[in-house]
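Notebook open, model loaded. I want to look up the overall build first, then the packing inside.

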Amino acid sequence: MRVYVGVGSNLGDRHGHLAAAAERLRASPAVALVRASRVWDNAPLGPEQPRYLNAVLEIESELRPAAIHALLRLVEEAAGRVRAEPMGPRTLDLDLLLYGDESVEGPGLTVPHPRLVERRFVLQPLAELCPDRVVPGRGATVEALLRACPAHDMRPVGPYPL
């Protein structure tokens with residue numbers, strides 16, 4: 001199954017956390033890292049905090065959504081992620097954005113990511129990887145959703161640190 005994962009960091013060695021996330025996902029025998037978007041520097045949402053680096057990883061996996069979600073949480077924990085406040089700063093944030101063409105509703109997991117369409121810092125890197133993919137439940141492509149998304153203070157900073 002083709003899966004897209006949002007990656008973000010705004011604490012500590014932000015580039016290092018992004019690189020470690022890709023390395024840990026590649027180390028999983030159930031995941032193949034296909035490619036990555038560019039890295040984007042963007043202003044945070046929520047409480048005052050440092051700027052984020054954000055990107056999207058495209059992976060291939062036969063794991064079901066709940067298992068991928070659990071793997072992403074383990075990778076976050078390995079990076080020292082602490083969930084102190086909603087939308088607060090973090091060493092590493094991994095979000096399951098898309099799982100093939102499937103929609104998933106369950107405790108603690110909704111796919112496509114419920115705030116995907118309102119976050120330019122997710123849509124911009126996602127559009128680099130799959131602009132023509134129709135987002136389940138939205139009836140629109142990633143590119144169309146990006147065009148409709150409000151502007152956000154962000155800029156590209158370079159390739160993903162693989």
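Before anything else, I pinned down the size rule: the radius of gyration is taken over C-alpha atoms, and the globule rule is 2.2 Å times the number of residues to the power 0.38. Note to self: this is a predicted model.

**Overall size.** I put 162 residues into the rule and got a radius near 15 Å for a compact globule; the protein has 14 Å, so the two agree. I also checked the extent of the C-alpha trace, which is about 40 × 35 × 30 Å along the principal axes.

**Fold order.** I counted four helices and 10 strands. Reading from the N terminus, I wrote down β-α-β-β-β-α-β-β-β-α-β-β-α-β. Then I looked at contacts between residues at least 6 apart in sequence: 69% of them join residues at least 24 apart.

**Surface and charge.** The exposed area comes to about 7500 Å², and carbon and sulfur atoms supply 54% of that. Buried residues make up 51% of the 162. I looked up the charges too: 19 positive and 20 negative, with mean positions 2 Å apart.

**Cores.** Which residues touch the most other members of the largest nonpolar core? I found Val7, Leu94 and Tyr160, in a core of 26 residues. At least two residues of this core come from each of strand 1 (2-9), helix 1 (14-27), strand 4 (52-61), helix 2 (65-78), strand 5 (93-99) and strand 7 (109-111). Another core lies apart from it, with 21 residues, including Val56, Leu126, Val135 and Cys149. The general rule I keep in mind here is that nonpolar side chains tend to be buried together in soluble globular proteins.

**Tyr160.** I listed its contacts, leaving out residues up to four places away in sequence. Among them are Val7, Leu18, Ala22, Val39 and Leu57.

**Tyr4.** Buried or exposed? I take 20% relative accessible area as the cut-off, and buried means under that. Tyr4 has 3%, so I call it buried. Tyr4 sits in strand 1. Its C-alpha is 6.7 Å from that of Tyr99, although the two are 95 residues apart along the chain. Its contacts, again without residues up to four places away, include Val56, Glu58, Asp95, Leu126, Cys130 and Arg133.

**Helix 3.** I finished with residues 120-129, where nine of the 10 are buried. The buried set has Arg120 and Gln124 in it, along with Phe121, Val122, Leu123, Pro125, Leu126, Ala127 and Leu129. Leu126 from this set also touches Tyr4 and belongs to the core of 21 residues.

Notes: Residues numbered from 1 in each chain as written. Predicted model: local features only at pLDDT ≥ 70, side-chain atom pairs only at ≥ 80, totals over all residues. Heavy atoms only, no water. Buried < 20%, exposed > 50% of the residue type's maximum accessible area, 1.4 Å probe, protein only. Contact = heavy atoms within 4.5 Å. Areas by Shrake-Rupley, 256 points an atom, 1.4 Å probe, with all protein chains shown as cover. Lys, Arg positive; Asp, Glu negative; His and termini not counted. Charge placed at Lys NZ, Arg CZ, Asp CG, Glu CD. Core = buried A, V, L, I, M, F, W, Y, C linked by side-chain atoms within 4.5 Å.
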